[in-house]
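The following exercises concern one protein structure. Please attempt each task before reading the worked solution.

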Amino acid sequence: MNVIVCVKQIPDPALPGALDPATNTLKRDGKLILDESDSYGVEMALQLVDAAGGGEVSLVSMAPNGEVSGMRTALAMGAARGVLVSDPALQGSDALTTAKVLAAAVRRLGGADLVIAATESSDGYTGTVPEQMAELLGLPSVTFAKKVAVEGTSVKVQRQTEEGYDEVTCTLPALLSVTAGVVEPRYPSFKGIMAAKSKPIDEVKAADLGISPVGWAGAGQQIASVTQAEARAAGEIIEDDGEGFTKIVAYLENLKVI
Ligand SMILES: Cc1cc2nc3c(=O)[nH]c(=O)nc-3n(C[C@H](O)[C@H](O)[C@H](O)COP(=O)(O)OP(=O)(O)OC[C@H]3O[C@@H](n4cnc5c(N)ncnc54)[C@H](O)[C@@H]3O)c2cc1C
């Protein structure tokens, strides 16, 4: 069983981010790391390949400046190889162009039984790339997967909903977007980190994938403005005079959370 995982490489969320004021996009010129959201997809893929008793996990990523640090983390976890699309012409790519690029990278790898992405990335997320990829690849798409099992030529998915979960069965090949918590991602071992250094990453440009137009020229979306998130208001302090709990219950009832 072969699985391809989309891995987005993002600026370290522990560091203060910065916007390019000219384009309202996140500056990504420093070191990028594996988006934690995608570590769940990598782990899920490794477990499915193990359970199938054979096959391999490959990666696709689009990132600036030939960045591979995040991909190396996924390779250290156990993925076998990857395709990186890195090209200055891709700067300004919107979600649909990103999906076209990643779908073409999937095709370059020869396709797979399953393609896995996260439900949404942690930086400038739209939560639309996986579904766009599925459409472009002509694959069925199952979203918000919280539990995944492959049985023969189909995949059984528990799909998170507001009330609980749906049980969905889908024929392979398919594309899944997984939620955080679908599995517990492993820490790369020292042996894995050493082995990852020599695993192959095929670095290509947009033209190698036949993608054009790209970047701002190909963008059907615009970032009209960016607004500072509202600062958190100070909470209400309830002094406990022995009856403090009644005030807390009344407060929660008022919010309709109990
Ligand atoms: C007009 C416009 C211009 C933009 N210009 C830039 C720019 O110049 N530079 C820039 O960095 N961003 C730019 N962005 C943001 C960029 O569109 C998104 O970061 C990118 O399209 C991915 O979409 P997302 O993060 O919303 O993905 P989501 O749909 O939230 O991601 C879901 C999942 O898809 C997969 N995925 C998404 N993106 C990638 C990726 N690149 N590689 C591998 N897997 C991926 C991951 O598994 C991810 O968790 C621009 C956006 C717009 C609208």
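**Exercise 1. The sheet**

How many strands form the open sheet, and in which order do they stand?

*Solution.* The model examined here is predicted.
Step 1: Nine strands form the sheet, and their pairing is mixed.
Step 2: Read across the sheet, the order is β11-β10-β9-β12-β8-β1-β6-β7-β13.
Step 3: The edge strands are β11 (165-171) and β13 (201-204), each of which pairs on one side only.
Step 4: On average, neighbouring strands of this sheet are turned by 30° against each other, direction ignored.

As general background, strands of a sheet pair through backbone hydrogen bonds, either parallel or antiparallel.

**Exercise 2. Two strand pairs**

Determine how β8 is joined to β12, and how β6 is joined to β7.

*Solution.*
Step 1: β8 and β12 (residues 174-178) run parallel and are joined by five bridges. Within this pair, Val 115 has Leu 175 of β12 as its bridge partner.
Step 2: β6 and β7 also run parallel, and five bridges join them. Here Met 62 stands opposite Val 85 in β7.
Step 3: Strand β7 (residues 81-85) is mostly covered, since four of its five residues are buried.

**Exercise 3. Two helices**

Describe where α1 lies, and state whether α2 is mostly covered or mostly open.

*Solution.*
Step 1: Helix α1 lies across β1 (3-6), β6, β8, β9 (141-151) and β12. Its direction is at about 155° to β8.
Step 2: Helix α2 (residues 69-77) is mostly covered, with eight of its nine residues buried. Among them are Met 71, Arg 72 and Leu 75.
Step 3: After α2 comes Gly 78, whose phi is positive, near 145°.

**Exercise 4. Two loop residues**

Which of the words "buried" and "exposed" applies to Ala 63, and which to Gly 152?

*Solution.*
Step 1: A residue is called buried if 20 or more other C-beta atoms lie within 10 Å of its own, and exposed if 12 or fewer do.
Step 2: Ala 63 lies in the loop between β6 and α2. Ala 63 has 20 other C-beta atoms within 10 Å and is therefore buried.
Step 3: Leaving aside neighbours within four places in sequence, Ala 63 is in contact with Gln 9, Leu 32, Leu 84 and Ser 86.
Step 4: Gly 152 is found in the loop between β9 and β10 (154-160). Gly 152 has 7 other C-beta atoms within 10 Å, so Gly 152 is exposed.
Step 5: Between the C-alpha atoms of Gly 152 and Ala 99, which are 53 residues apart in sequence, the distance is 28 Å.

**Exercise 5. The shell around the ligand**

How many residues surround the ligand, and which element gives the most to this shell?

*Solution.*
Step 1: The ligand is surrounded by 33 residues, of which the closest are Ala 117, Ala 118, Tyr 125, Thr 126 and Val 129.
Step 2: Elements that each supply at least two residues of the shell include β4 (25-26), β8 (114-118) and α4 (129-137).
Step 3: The most comes from α3, with three residues.
Step 4: By type, the shell divides into 13 nonpolar, 14 polar and six charged residues.

**Exercise 6. The annotated span**

Which feature does UniProt place at residues 23-213, and how far apart are the end C-alpha atoms of that span?

*Solution.*
Step 1: The unreviewed UniProt entry gives "domain: Electron transfer flavoprotein alpha/beta-subunit N-terminal" for residues 23-213.
Step 2: The end C-alpha atoms of this span lie 18 Å apart.
Step 3: The span is 29% helix and 29% strand.

Methods. Residues numbered from 1 in each chain as written. Predicted model: local features only at pLDDT ≥ 70, side-chain atom pairs only at ≥ 80, totals over all residues. UniProt positions renumbered as here; feature names shortened; annotations may be inferred. Near = placed C-beta within 6 Å. Nonpolar A, V, L, I, M, F, W, Y, C, P; charged D, E, K, R; others polar. Pairing = 2+ DSSP bridges. Axes fitted to C-alpha atoms, helices over the stretch in contact; angles between N-to-C directions. Contact = placed C-beta atoms within 7 Å.
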